[in-house]
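Here is a short question-and-answer session for someone new to this structure. Look at it first, then follow the turns.

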Amino acid sequence: MSNRKRKASEEPDQDRMSTSPVPSPSFSSRPLPSSNTPRSLKRTRTGAAVGKPLSLPRLLETLSAADMRQLLQNVADQHPELQQEIVTQAPRPSIESTLSVLRTYEDDFRKAFPLGNRPTSDYSYNRVHQHLKHLIEAMRDYTPHFLPPQETQTLSSLNYLDSVTTIIHNLPDWDSYQHQRHKNEAYDEISKAWALVIREASKRAGGFHLQFGEWDQKLHEHNSKSSGKLEEVVHELQAALGFMQAGGGHTPPGVSDERMNIRNQLFSGNFQQLGVGHGHWC
């Protein structure tokens, strides 16, 4: 009985041994990970962080307009040979951008006036005369850029002069005659600029462009606001427009026969057949 019990008790052990899991062929044939697998590769170590200056394109992106102007001015001052190159490569200033600069000078001039004082007094002038000087000098420097032969478009010249003349109107009439000379000189210079543009325009297509935009009316208004300081300009425009009126049987003083022929061609509609317009228009 004891032997039988022992055998009976041993049978489960044999069953457990016989039923123990046997490694499957697929598992046993699976290769062990090699040392060349990506998991075992060490991460490539990048270089340590180090500071360095910005490249020129990135640096220029961060500069404001004022910073850029100052930078160019500094470079031009240190290297005078580059000044002409900068002028040549720079975009041509537009009327809008130029008037924006002039209005900035004008705003600075207005803000400099002291409170509680008569704006035309000597005290007020002494407080603002430096800003007034900057404004007038800016107008004096910018105006030739919009005059012929630098500016070939008559309407661009006229529109610029129209706006700048309005700025001059808005300058105070100072109590002191000595201080008033700044405004008087500005009127004198702008009057010469008007006259130049009108004379050159009258040579192109017989002054045809001057008939548009009501420039005769605008000049009469400017002359009235300036107390007659643009009287010569009004006469210049009247002379230029006089020979443009159809039916005139005589040539106005200072008008050449060639200009009269252009006028006749324009009104007869034959200017293309007669060769007008080939390089003479604004």
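**Core, contacts and surface**

Student: Is R110 buried or exposed, or partly exposed?

Tutor: This is a predicted model. R110 is found in helix α6. Its relative accessible area is 35%. Buried means under 20% and exposed means over 50%, so a value in between makes R110 partly exposed.

Student: Which backbone oxygen does the side chain of R110 reach?

Tutor: Leave out residues up to four places away in sequence, and R110 touches N170, L171 and P172. At 2.3 Å, the side chain of R110 reaches the backbone oxygen of N170.

Student: Which helix supplies the largest share of the largest nonpolar core?

Tutor: That core has 40 residues. Helices α6, α7, α8, α9, α10 and α11 each supply at least two of them. The largest share is eight residues, and it comes from α9.

Student: What is M139 in contact with, leaving aside neighbours within four places in sequence?

Tutor: M139 is among the core members that touch the most other members, along with L102, Y160, L161, W194 and L210. Two of those names come back in its contact list, L102 and Y160. The full list is L102, Y160, V164, I167 and I168.

Student: Which helix gives the most to the nonpolar surface patch?

Tutor: The patch covers about 430 Å² and is made by L54, L56, L59, L60 and L71. L56 is exposed, because its relative accessible area of 56% is over 50%. L56 is found in helix α3. With three residues, the helix that gives the most is α3.

Technical notes. Residues numbered from 1 in each chain as written. Predicted model: local features only at pLDDT ≥ 70, side-chain atom pairs only at ≥ 80, totals over all residues. Heavy atoms only, no water. Core = buried A, V, L, I, M, F, W, Y, C linked by side-chain atoms within 4.5 Å. Buried < 20%, exposed > 50% of the residue type's maximum accessible area, 1.4 Å probe, protein only. Helix = DSSP H or I, 4+ residues; strand = E, 2+ residues; numbered from the N terminus. Contact = heavy atoms within 4.5 Å. Polar contact = N/O pair within 3.5 Å; in protein donor to acceptor, adjacent residues only side chain to side chain. Patch = residues over 30% accessible without salt bridge, like charges linked within 9 Å, V, L, I, M, F, W, Y side chains within 5 Å. Areas by Shrake-Rupley, 256 points an atom, 1.4 Å probe, with all protein chains shown as cover. Salt bridge = Lys/Arg side-chain N within 4 Å of Asp/Glu carboxyl O.
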